[in-house]
Amino acid sequence: LTVENYPNVKRLDSFKKLGKQDLDYFQTVLSQQEILEANENEDLAFYNEDWMRKYRGQSKLVLRPKTTEQVSKILKYCNDQNLAVVPQGGNTGLVGGSVPVFDEIVLSLTQLNKIREFDDVSGILKCDAGVILEAADMYLAERGYIFPMDLGAKGSCHVGGIVATNAGGLRLLRYGSLHGTVLGLEVVLPNGEIVNSMNALRKDNTGYDLKQLFIGSEGTIGVVTGVSILCPTRPNAFNVSFLGVESYEAVQKVFVQAKKELGEILSAFEFMDLKSQNLTKVHLADMDHPLSDDHPFYILIETSGSKKDHDDAKLEAFLENAMEEGLVLDGVVAQDETELKNLWQWREMIPESSQAGGGVYKYDVSLPLKDLYSLVDAANAKLEESGLSSIEDESKPVISAVGYGHVGDGNLHLNVAVRRYTKEVEKCLEPFVYEFVSSKNGSISAEHGLGFQKKNYIGYSKSDQEIKMIKQLKNLYDPNSILNPYKYV
Ligand code: FAD
């Protein structure tokens with residue numbers, strides 16, 4: 001599988017192959033429970049294979065340090081010995097960045113998972129990188145605060161992982177990007193040096209803001225071991241409504257109206273096409289879809305605020321107006337916590353539903369809002385033209401291309417649900433998708449990063465000059481290229 005998956009990549013001879021003396025060294029740094037070796041009973045599949053089951057490496061060793069000092073000793077040794085390393089969080093990344101390509105050592109942050117401190121006046125949380133996002137949010141909930149981002153993989157992804165990918169997620173519309181909310185980081189450089197900037201300051205204009213370099217660097221120049229992040233007060237009133245509309249034009253109109261009428265309480269505005277909901281209906285077969293009739297597009301709106309009556313009145317007025325004007329054809333509003341969670345399921349389960357038939361080619365792009373959905377139409381047309389796609393005919397590799405995403409952020413997820421991964425499908429879609437996005441001045445990665453999947457396509461979104469600077473930075477901090485090799489840098 002690996003050889004077929006990576007036909008154009010060769011293992012670099014400069015990297016040493018793991019030997020007994022290396023294991024002996026790691027045993028002086030870590031306990032036996034913190035070292036996982038491949039053997040006849042353990043193939044390390046969980047650490048070698050990505051969430052989409054699309055990329056698979058052949059690592060024979062997983063190291064799971066519990067302290068920053070251990071991470072430092074491991075990296076220093078690997079750097080001195082030219083052993084390649086892949087930092088790994090919850091392994092939910094969607095661009096093949098979190099798994100080895102060949103025999104790189106997996107440095108899993110899973111056990112570096114303590115909350116360090118929380119200041120309930122400022123709302124600043126300091127925690128280890130391996131804390132699971134949902135665990136961090138639950139800890140904050142008990143103290144009346146909320147983690148400033150949320151995403152479907154929250155039960156598995158790490159705080160360090162979302163920082164390393166600069167994940168966007170479902171509430172970026174409200175709380176902004178991690179480039180704004182992360183106040184400080186603790187990072188271990190490939191040579192083992194620990195850079196501690198775990199600031200709790202909202203303002204600090206003393207020269208370059210170095211932490212920004214590591215946010216979204218995808219494990220290529222340092223390993224994030226600690227995160228300091230500003231968390232907002234948890235809203236005590238949440239509302240979710242699920243609406244059916246006639247066209248993508250209508251989605252945009254409802255968005256404008258929602259910003260105007262819901263104003264400061266609007267916390268998520270997500271859209272989904274009918275095809276994505278059809279896949280999700282198959283996957284959530286034991287649940288009824290929120291709307292009994294089919295509609296070409298659906299919208300999920302979340303509001304959150306501090307006063308339920310106020311929010312209810314605003315949402316009600318907004319929905320009445322939108323329906324009177326004929327913008328919204330049908331809709332429901334969650335009446336309690338369970339219904340609210342159920343409505344979110346129809347959005348959050350799309351990634352899983354898209355890959356349930358066999359696999360999924362995922363494209364996560366930014367486009368000007370007016371052009372956002374045109375990519376889905378173009379991809380479906382291209383796949384049909386190539387004779388690769390059919391919902392009924394099981395001999396065709398592609399089931400359907402579906403679109404959904406964060407309208408508020410101009411971010412489309414194009415998911416091409418497939419029965420199996422084939423080179424023909426990949427060739428049909430790439431570089432077609434990237435050319436399309438570039439022609440509209442979009443970005444080929446809105447939030448998932450580049451990883452392995454998009455490593456050859458960075459030029460569609462970055463200039464030669466920018467790529468040169470990225471390489472210079474990589475060479476400066478990781479001159480032996482031991483961190484996450486074969487990926488986008
Ligand atoms: P991993 O997958 O383990 O790693 C991702 C990358 O970061 C790799 O390159 C890895 O080397 C590096 N890395 C991980 N931890 C560290 C560290 N401590 N230091 C240095 N490098 C590190 N993304 C969005 O932006 N928005 C969404 O709405 C969204 N929804 C998702 C829904 C589902 C169901 C899934 C499966 C994924 C979704 N994602 C989304 C993808 C998203 O990138 C990841 O879920 C998350 O950001 C990765 O966190 P992780 O801990 O799993 O990192």
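Helices here are DSSP runs of H or I with at least four residues, and strands are DSSP runs of E with at least two. With that in hand, let's walk through this model, which is a predicted one. Take residues 55-234: over that stretch the chain is 23% helix and 22% strand, and its end C-alpha atoms sit 38 Å apart. UniProt, in an unreviewed entry, gives residues 55-234 the feature "domain: FAD-binding PCMH-type".

Now step back to the whole chain. It splits into domain 1 (2-111), domain 2 (115-230), domain 3 (237-348) and domain 4 (357-448). Pick out domain 2 and domain 4, and you'll find their C-alpha centres 31 Å apart. Where these two meet, domain 2 puts in 5 residues and domain 4 puts in 7 residues. On the domain 2 side of that contact there are 3 nonpolar and 2 polar residues, with no charged ones.

Next, the ligand. It has 37 residues around it, and the closest are G89, G93, G97, G161 and G219. The elements that give two or more residues to this shell are β3 (85-88), α6 (159-165) and β9 (223-230). Helix α6 provides the largest share, 5 residues. Sorted by class, the shell has 16 nonpolar, 19 polar and 2 charged residues. Domain 1 and domain 2 each supply at least three of the shell residues.

What about the inside? In soluble globular proteins, nonpolar side chains tend to be buried together. The largest nonpolar core in this model holds 134 residues, and the members that touch the most others are V85, V163, L375, L414 and V416. Helix α10 (residues 248-262) gives the most to this core, with 6 residues. For a closer look at one core member, try V163: leaving aside neighbours within four places in sequence, V163 is in contact with L178, V182, L185, I215, V224 and V227.

Some spots bring together parts of the chain that are well separated in sequence. G410 is in the loop between β15 (398-406) and β16 (411-418). Its C-alpha atom is 5.8 Å from that of L367, although the two are 43 residues apart along the chain. Not counting residues up to four places away in sequence, G410 touches S366, L367, P368, L369 and L372. Is G410 buried or partly exposed? It counts as partly exposed, because 18 other C-beta atoms lie within 10 Å, while a buried residue needs 20 or more.

S481 offers another example, in the segment after α18 (464-477). The C-alpha atoms of S481 and I221 are separated by 8.6 Å, with their positions 260 residues apart along the chain. S481 is partly exposed too, since it has 18 other C-beta atoms within 10 Å.

Finally, a few backbone oddities. Most residues other than glycine have a negative phi, and most peptide bonds are trans. The bond joining E430 and P431 is cis, with omega about 10°, and P431 is in the loop between α16 (423-429) and α17 (432-439). N166 has a positive phi, near 50°, and it is located in the loop between α6 and α7 (172-175). N166 is buried, because 20 other C-beta atoms lie within 10 Å. Y486 also has a positive phi, near 70°. You'll find Y486 in the segment after α18, and with 22 other C-beta atoms within 10 Å, it is buried.

Notes. Residues numbered from 1 in each chain as written. Predicted model: local features only at pLDDT ≥ 70, side-chain atom pairs only at ≥ 80, totals over all residues. Domains from an automatic or database assignment. Nonpolar A, V, L, I, M, F, W, Y, C, P; charged D, E, K, R; others polar. Near = placed C-beta within 6 Å. Core = buried A, V, L, I, M, F, W, Y, C linked by C-beta atoms within 7 Å. Buried ≥ 20, exposed ≤ 12 C-beta atoms within 10 Å, placed from the backbone. UniProt positions renumbered as here; feature names shortened; annotations may be inferred.
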